[in-house]
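Please look over the structure below before reading on. The briefing then covers charged pairs, one helix, the core and the aromatic rings.

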Amino acid sequence: MTEEAGESPATLELPTGETVETGTVFSFNGYPYRFVPLDHPEYRFRLAPLYWGGGDMDVPFADRDELVEQWGPESRGVLTDEEWRDWLIEARADDRFGEDELDAVERELLGEEGGLLDRISRAFRG
């Protein structure tokens, strides 16, 4: 993480060695998240899930060491569009995720309103 005098950090180094900015989406514990710097007495940054971000689902961190501790085996860092497409295919077969949620995540990740995965999913649903 870098920090200018008196300002919140602008970037975050992931445990993978990749550096992300606030707009970069990455896989944290099997879900797409974004880094959000904080001006907070206890927390330096939070990770906001792509769909549920900005609420109770955000994960605050006091420092990068805490992130490293919580970086689970399903965390993969920055993924390519193809890797996100693969993630979406797997997620659509997982009951933990709703169709509206995954449709919104697909649009956010790939900018594909009614994209291929959406059409395939609808075809299987009937």
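Which residues does Trp87 touch, not counting residues up to four places away in sequence? The answer is Gly30, Tyr31, Pro32, Phe97, Leu102 and Val105. Keep in mind that this is a predicted model. Trp87 turns up again below, in helix α2, in the nonpolar core and in the aromatic cluster.

**Helix α2**

- Helix α2 runs over residues 81-92. It has 12 residues.
- From its first C-alpha to its last, α2 reaches 16 Å. That is close to the 16 Å expected at 1.5 Å a residue.
- Trp84, Trp87, Leu88, Ala91 and Arg92 are the buried residues listed for α2. They lie on the same side of α2, because they cover an arc of only 130 degrees around the axis.

**Salt bridges**

- The structure holds 7 salt bridges.
- Asp103 and Arg92 form one of them, at 2.9 Å from N to O. This pair links distant parts of the chain: Asp103 sits in helix α3 (residues 99-110), Arg92 in helix α2, and they are 11 residues apart.
- Arg92 also forms a salt bridge with Glu106, with the closest N and O atoms 3.1 Å apart. Here too the pair links distant parts of the chain, with Glu106 in α3 and Arg92 in α2, 14 residues apart.
- Are the partners in these two bridges buried or exposed? Asp103 has a relative accessible area of 8%, so it is buried. Arg92, at 15% relative accessibility, counts as buried. Glu106 is at 0%, so it counts as buried.
- Arg92, Asp103 and Glu106 belong to a network of salt bridges that also takes in Glu99.
- Arg96 and Asp94 form another salt bridge, with the closest N and O atoms 2.6 Å apart. Arg96 counts as exposed, at 63% relative accessibility. Asp94 counts as partly exposed, at 22%. The cut-off explains that label: buried means under 20%, so Asp94 falls outside it.

**Nonpolar core**

- In soluble globular proteins, nonpolar side chains tend to be buried together.
- In this model, the largest nonpolar core has 26 residues.
- Leu12, Phe26, Phe28, Leu47, Leu67, Trp87 and Leu109 have the most contacts inside this core.
- Strands and helices both contribute. The elements that give two or more residues are β3 (25-28), β4 (31-37), β5 (45-49), β6 (59-61), α2 and α3.

**Aromatic rings**

- The count comes to 12 aromatic pairs.
- Phe28 and Tyr33 form an edge-to-face pair. Their ring centres are 5.2 Å apart, with 90 degrees between the planes. Phe28 and Tyr33 are both buried.
- How do the rings of Tyr31 and Phe97 pair, and at what angle? Their planes are at 25 degrees, so the pair is stacked, with centres 5.8 Å apart.
- Tyr31 is in strand β4 and Phe97 is in the loop between α2 and α3. This pair links distant parts of the chain, 66 residues apart.
- Tyr31 is buried, with a relative accessible area of 8%. Phe97 is buried as well, at 15%.
- One aromatic cluster includes Phe26, Phe28, Tyr31, Tyr33, Trp84, Trp87 and Phe97. Phe35, Phe45, Phe61 and Trp71 belong to this cluster too.

How values were computed. Residues numbered from 1 in each chain as written. Predicted model: local features only at pLDDT ≥ 70, side-chain atom pairs only at ≥ 80, totals over all residues. Heavy atoms only, no water. Salt bridge = Lys/Arg side-chain N within 4 Å of Asp/Glu carboxyl O. Helix = DSSP H or I, 4+ residues; strand = E, 2+ residues; numbered from the N terminus. Buried < 20%, exposed > 50% of the residue type's maximum accessible area, 1.4 Å probe, protein only. Expected span 1.5 Å × (residues − 1). Arc of directions from axis to C-beta. Core = buried A, V, L, I, M, F, W, Y, C linked by side-chain atoms within 4.5 Å. Contact = heavy atoms within 4.5 Å. Phe/Tyr/Trp six-rings, centres within 6.5 Å; stacked < 30°, edge-to-face > 60°.
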